[in-house]
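Please take me through this structure one feature at a time. I would like to learn how each one is read.

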Amino acid sequence: TRKPDGTAILNPNLKSETFESWMYFPSQSNGNSVIAQKLNVSSSGLYYGFTLSLSQSTSPLSGVVGFTLNSGSYTLHISASVSKSVWNHFAVVWDRNQTELRTKVFINKQLVTQSAQVDIGFIPNDGALFYIGSGSAFPCPGPTSTFIPQETLSGALKDFRIWHKAKSALEIEAGTIKPLYAQDDLVLSFRFNEPSGSNSAIVIDSSGKGAHGTLSTTGVATSI
């Protein structure tokens, strides 16, 4: 699905972006897994895009959710711990306003961490599919410099949304309790409330942009 100018719906150009979802992870150990990803690899082997991930953990009580931006030779990574066996609202705000230029993580509507200021330009990943529940390896700070998925995501998501704006703390809080309607800056909204027993493999996008996904045994994919 494309905009009138031919660019992908999820391409923010130089706008800010907010990613948010309710997340539930079972009380058990887990391997590295991708929550959501839109990632392109250039012919020269450089990575461009974003990934939400769950890092390997032996703890049945908590896990670490990370957000990584890859822009060629530069990588930004930020992460925070979330409790398992309960629903958590997780939001990442990539604020590209010149007075901010930082990435922030909110858990259950509270700001828990933020990055240093950094100005990241246009990220060319129009040709990449957007995946939920699975994905591929990507450069990430750590012992091996690469995050390698070990399994598909074990857990549940609801109300997964992407916005082309930097949502404020008040907007994030309001969005968890009020009905959501189509808005210009809302570019993707997966409620994951399709009727049980449905034979359809379509995951409905409620943003009004028509970016419906396709369900498979490895997750959801959409060409946006």
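## Reading the features

Q: Does Phe50 count as buried or exposed?

A: Phe50 has a relative accessibility of 5%, and it counts as buried because the limit for that word is under 20%. Keep in mind throughout that this is a predicted model.

Q: What share of the residues of the protein count as buried?

A: The protein has 224 residues, and 45% of them count as buried.

Q: Which helices and strands does the protein have?

A: There is 1 helix, and there are 16 strands.

Q: How many aromatic pairs does a search of the whole structure find?

A: A pair of aromatic rings is described by the distance of the centres and the angle of the planes. The search of the whole structure finds 7 aromatic pairs. One of them joins Phe19 and Phe50, with 4.6 Å from centre to centre and 50° between the planes, and it is classed as tilted. This pair links distant parts of the chain: Phe19 belongs to strand 1 and Phe50 to strand 3 (residues 47–54), and they are 31 residues apart.

Q: What are the distance and the angle for the rings of Phe19 and Phe67?

A: The ring centres of Phe19 and Phe67 are 5.2 Å apart and the planes meet at 45°, so this pair is tilted. It also links distant parts of the chain, with Phe19 in strand 1, Phe67 in strand 4 (residues 62–72) and their positions 48 residues apart. Phe19 is buried at a relative accessible area of 1%, and Phe67 counts as buried at 0%.

Q: Which residues form one aromatic cluster?

A: The cluster consists of Phe19, Phe50, Phe67, Phe130 and Phe160.

Q: Which residues touch the most other members of the largest nonpolar core?

A: That core has 36 residues, and Ile35, Leu52, Val65, Phe90, Phe130, Phe160 and Ile162 touch the most other members. For Phe160, the contacts beyond four places in sequence include Ala36, Leu52, Phe130, Ile132, Leu188 and Phe192.

Q: In what order do the strands of the open sheet lie?

A: Strands of a sheet pair through backbone hydrogen bonds, either parallel or antiparallel. Here 6 strands form an open sheet in the order 8-7-6-1-12-13, with antiparallel pairing. Strand 8 (110–114) and strand 13 (186–190) are the edge strands, each pairing on one side only. From one strand to the next, the twist averages 15°.

Q: How many bridges join strand 1 to strand 12?

A: Strand 1 (residues 17–24) and strand 12 (residues 156–163) are joined by 6 bridges and run antiparallel. Met23 stands opposite Leu157 of strand 12.

Q: Over the face of which residue does Lys158 lie, at 5.9 Å from the ring centre?

A: That residue is Trp22. Lys158 also lies over the face of Trp87, where the distance to the ring centre is 4.6 Å.

Q: What share of the contacts with a separation of 6 or more comes from residues 24 or more positions apart?

A: The share is 60% in this protein. Ile123 gives a single case to look at: Ile123 and Tyr48 are 75 residues apart in sequence, while their C-alpha atoms are 5.9 Å apart in space.

Q: Where does Ile123 lie?

A: Ile123 lies in the loop between strand 8 and strand 9 (130–132). Ile123 is buried, with a relative accessible area of 9%. Leaving aside neighbours within four places in sequence, Ile123 is in contact with Tyr48, Gly49, Leu69, Asn70, Ser71 and Trp94.

Q: In which strand does Ser62 lie?

A: Ser62 lies in strand 4. At 27% relative accessibility, Ser62 counts as partly exposed. Outside its neighbours within four places, Ser62 is in contact with Ser57, Ser81, Val82, Ser83 and Lys84. Ser62 and Phe25 are 37 residues apart in sequence, with 8.6 Å from C-alpha to C-alpha.

Q: What is the phi of Asn108?

A: Most residues other than glycine have a negative phi. Asn108 is not a glycine, yet its phi is positive, at about 50°. Asn108 lies in the loop between strand 7 (102–107) and strand 8, and it is partly exposed, with a relative accessible area of 32%.

Q: What is the phi of Lys109?

A: Phi of Lys109 is near 75°, again a positive value in a residue other than glycine. Lys109 lies in the loop between strand 7 and strand 8, and it counts as partly exposed at 27% relative accessibility.

Terms used. Residues numbered from 1 in each chain as written. Predicted model: local features only at pLDDT ≥ 70, side-chain atom pairs only at ≥ 80, totals over all residues. Heavy atoms only, no water. Core = buried A, V, L, I, M, F, W, Y, C linked by side-chain atoms within 4.5 Å. Buried < 20%, exposed > 50% of the residue type's maximum accessible area, 1.4 Å probe, protein only. Contact = heavy atoms within 4.5 Å. Pairing = 2+ DSSP bridges. Helix = DSSP H or I, 4+ residues; strand = E, 2+ residues; numbered from the N terminus. Axes fitted to C-alpha atoms, helices over the stretch in contact; angles between N-to-C directions. Phe/Tyr/Trp six-rings, centres within 6.5 Å; stacked < 30°, edge-to-face > 60°. Lys NZ or Arg CZ within 6 Å of the ring centre and 35° of its normal.
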